[in-house]
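Hi everyone, thanks for coming. Today I'd like to walk you through some side-chain contacts, so please have a look at the screen with me.

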Amino acid sequence: MITGEEIRTRGHSDHILSSNAEKFYENYWQDAPEISETTRRRNRAILDRFLPDRPKGKTILEIGVGGEGGLVYSLKKENQVLGIDVSPSAKRNSERLGVKVDIINVDTQGIPFAEETFDVIFAFEVFEHFANPQFALEEIRRVLKENGLFLLSIPNPFIHHWPRLFYPTLFEEKAFREFLMVNDFQIKSKTDLGQNLYYFLDFDQAAKAFMWCWECKKQTTDPEVAFDHGLYFWEQKNGWGIRLCPIEAADLFRKSLEWGGEKNIKARLFLILALRYRYVYQETEEFRKHLKWFRDRSQEAELPLKIKSLFALSVIILEMNQWGLGVFDSITIRNVFRELLQLPQSSHYKEIWSGIKSGTVDYKKIVSCLV
């Protein structure tokens, strides 16, 4: 039975929040005939910002479509659209509006489509409802086409979202951006949408927003994107100079090396630097394998690979020395630096070496010596 004019959430559940989403969200939406004007304005703002030229002839999936037909309601005439949601009340309302909805618990069932099925996927104000957001994001990547468009949003924690968030700190802006990056989504743009109740305070614009929206592209083979993401995590440090995310960086540098081929020297060097944080815990096998690659090329390869390998070795030697860790004997170390000091660009190398020793090195300068 329809109980009101505008479709709204109930603001409570008869069940305790848990990973049993089907039960909790069973009657999350009130039955009503009309999409609220607030939702209409929000949806127009999102589509005008990210899809000003509305898509045509695309396959579009909306996850957590909700009880108001979602964004796909505005795109259903010229595209093949589908919504999925865990709530029967969302299905009832959305199908009344002409949007087909399948009842799926993405946390446990995944997304029941083949790989690379969809051109566009929407997930607005839905990730905070997942008990297993990592699995959900992996499923989105799986069913999204290569270079497909992924548009999503999360609520600013300042709106005091109901129900509570399963992983509160994940939904801080920086943390969620990094969550997307480590899962190989290239962020093309980000928009702060709406205002929360604290908009009158002296916050920056992002803090005043009601929600944050991201436009992402799935990418699985671009070594430059993976490297840039790795460098972002590599440069995260605390007040003691300890790197906070070297393992995340290592994972991304490893992908960059895999996708770029064995002569992707900058990825190999930075992978070694990141692996130093496992080397100190006696996990040395991968570190030594890549170290040997540089050592062999420094002795056998022709220019310019020989020079780049020598330079990479010099960086590794100095970085390891910072922790009192020696990886070569004194004769090998002397030979590495002697060969480099004979080169015309040795003054540039000296500047970088000095930066490593003082802890002020600009790692982008190291990259410039390897490309």
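Let me begin with a definition: a disulfide is a pair of cysteine sulfur atoms within 2.5 Å. Please keep in mind that what you see is a predicted model.

So how many disulfides does that rule give here? The count comes to zero. Take Cys-245 as an example: its closest cysteine sulfur belongs to Cys-216 and lies 18 Å away, which is too far for a bond, because a disulfide needs the two sulfurs within 2.5 Å. Cys-245 is also buried, at 15% relative accessibility. Cys-369 counts as buried too, with a relative accessibility of 15%.

Now to the aromatic rings. There are 30 aromatic pairs in the model. One of them joins Tyr-232 and Phe-233 edge-to-face, with 5.1 Å from centre to centre and 90° between the planes. Are these two residues buried or exposed? Tyr-232 is partly exposed at 24% relative accessibility, whereas Phe-233 is buried, at 2%.

Another pair is made by Tyr-279 and Phe-287, whose ring centres are 4.6 Å apart; the planes meet at 50°, so this pair is tilted. Tyr-279 and Phe-287 are both buried.

Some rings also join up into a cluster: ring pairs link Phe-227, Trp-234, Phe-253, Phe-270, Tyr-277, Trp-323 and Tyr-363. Phe-227 has a charged partner as well, since the charged end of Lys-266 sits over its ring, 4.7 Å from the centre. Elsewhere in the sequence, Arg-49 places its charged end over the ring of Phe-50, 5.0 Å from the ring centre.

That's my tour, thank you!

Key. Residues are numbered from 1 along each chain as its sequence is written. This is a predicted model: local features need pLDDT of at least 70, side-chain atom pairs count only at pLDDT 80 or more; totals for chains, interfaces and linings use all residues. Side-chain values use heavy atoms; hydrogens and water are left out. Buried means under 20% relative accessible area, exposed over 50%, partly exposed in between (1.4 Å probe, protein chains only). Rings of Phe, Tyr and Trp (its six-membered ring) pair if their centres lie within 6.5 Å; planes under 30 degrees apart count as stacked, over 60 as edge-to-face and the rest as tilted. A charge sits over a ring if NZ of Lys or CZ of Arg is within 6 Å of the ring centre and within 35 degrees of the ring normal.
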